[in-house]
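Please open the model in a viewer and keep the sequence at hand. The tour below proceeds by selection, from the whole chain to a single pocket.

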Amino acid sequence: SVANTVLTSADGRFAASNLKKGVYTLMETTVPVGYRDAFSATFELAEGDSGKTVEVNEGTAAPGVVVTKTGGTWTGAGVTNTRIPGSMTLTKVEEGTGVGLGGAEFELTGPDGNTVTYTTGPDGTLSASDLAWGSYAIAETKAPDGYRLGDAPYSDTFIIDAGNAASGIDLGSVGNAKTRVSIAKTDDGGNPLAGAHLKLSG
């Protein structure tokens, strides 16, 4: 029997030689980081199959050798693994207290150039899932009611790749300060004027 575990080469190929007649099971025991859908297949070599090369892909096999896929996916080019889609989270909070703020809007632009608007939930969290691999840019476009974006609204960039697709990316907390009103009271000569009483109603 043959029970060898071999890593695929840099070009993604695997080869086993000097196989005797019999029934074989080919099983992908470890999927590369960031991918899913392990592949498995079976085939049988008869006495007359000596010298043949069995290509494990869809629709192609050595004459007389049937390869049966039992798991995963394949194409005419070979065996395939599926990229795990990525995800991103952040939490919108009030500066100074850390209380979550709902209603903030963020624009997320993906590697395809498309932009999607997300709104934080009542607890301030924002989650984006099923993200394709590539570079992303995110920017806050609307602060929650009663709060302001500030002079430099939040923006950031991140990359989804094999190393973080499974775990996701946490951008942490994004703060907003409450809206405030500021008035400079002067006389008609432009001089600061103290002692005025102002009333703000809402």
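Begin with the whole chain and consider its contacts: among those with a separation of 6 or more, 56% are between residues 24 or more positions apart. The model is a predicted one. Switch to a cartoon view, and 15 strands appear, with zero helices. Next, display the surface. The accessible area is about 13200 Å², and carbon and sulfur atoms account for 50% of that area. Of the 202 residues in the chain, 26% count as buried.

**First stop: an open sheet**

Select β11, β8, β15 and β13. These four strands form an open sheet in that order, with mixed pairing. At the edges lie β11 and β13 (147-148), each of which pairs on one side only. Strands of a sheet pair through backbone hydrogen bonds, either parallel or antiparallel.

Now restrict the selection to residues 86-94, which make up β8, together with β11; the two strands are antiparallel and share five bridges. To locate one point of this pairing, pick T89, whose bridge partner in β11 is S127.

**Second stop: β9 and its two partners**

Which residues of β9 point to one face and are buried? Show the side chains of the strand: F106 and L108 do so, whereas E105, E107 and T109 point to the other face and are not buried.

Add β10 to the view. The strands β9 and β10 run antiparallel and are joined by five bridges. Here E107 of the pairing stands opposite T117 in β10. The hairpin of these strands has five residues between them, and within this hairpin G113 takes a positive phi near 90°.

Then add residues 134-142, strand β12, which runs antiparallel to β9 and is joined to β9 by five bridges. In this pairing F106 stands opposite E140.

**Third stop: the second largest pocket**

Finally, select G110, D112, V116, L131 and Y136. Of the 13 residues that line the second largest pocket, these lie nearest its centre. Two or more lining residues come from each of β9 (105-109), β10 (115-119) and β11 (125-131). The largest share, three residues, is given by β11, a strand already met at the edge of the open sheet.

Colour the lining by residue class to see seven nonpolar, four polar and two charged residues. The space in this pocket amounts to about 160 Å³. Rolling a probe the size of a water molecule over the atoms shows where empty space is left.

Methods: Residues numbered from 1 in each chain as written. Predicted model: local features only at pLDDT ≥ 70, side-chain atom pairs only at ≥ 80, totals over all residues. Heavy atoms only, no water. 1 Å grid on protein atoms, 1.4 Å probe; cavity = no way out; pocket = protein on both sides within 12 Å on 5 of 7 lines; lining within 4 Å. Points joined across faces, edges and corners; volume = space filled by probe spheres on them. Nonpolar A, V, L, I, M, F, W, Y, C, P; charged D, E, K, R; others polar. Buried < 20%, exposed > 50% of the residue type's maximum accessible area, 1.4 Å probe, protein only. Contact = heavy atoms within 4.5 Å. Areas by Shrake-Rupley, 256 points an atom, 1.4 Å probe, with all protein chains shown as cover. Pairing = 2+ DSSP bridges.
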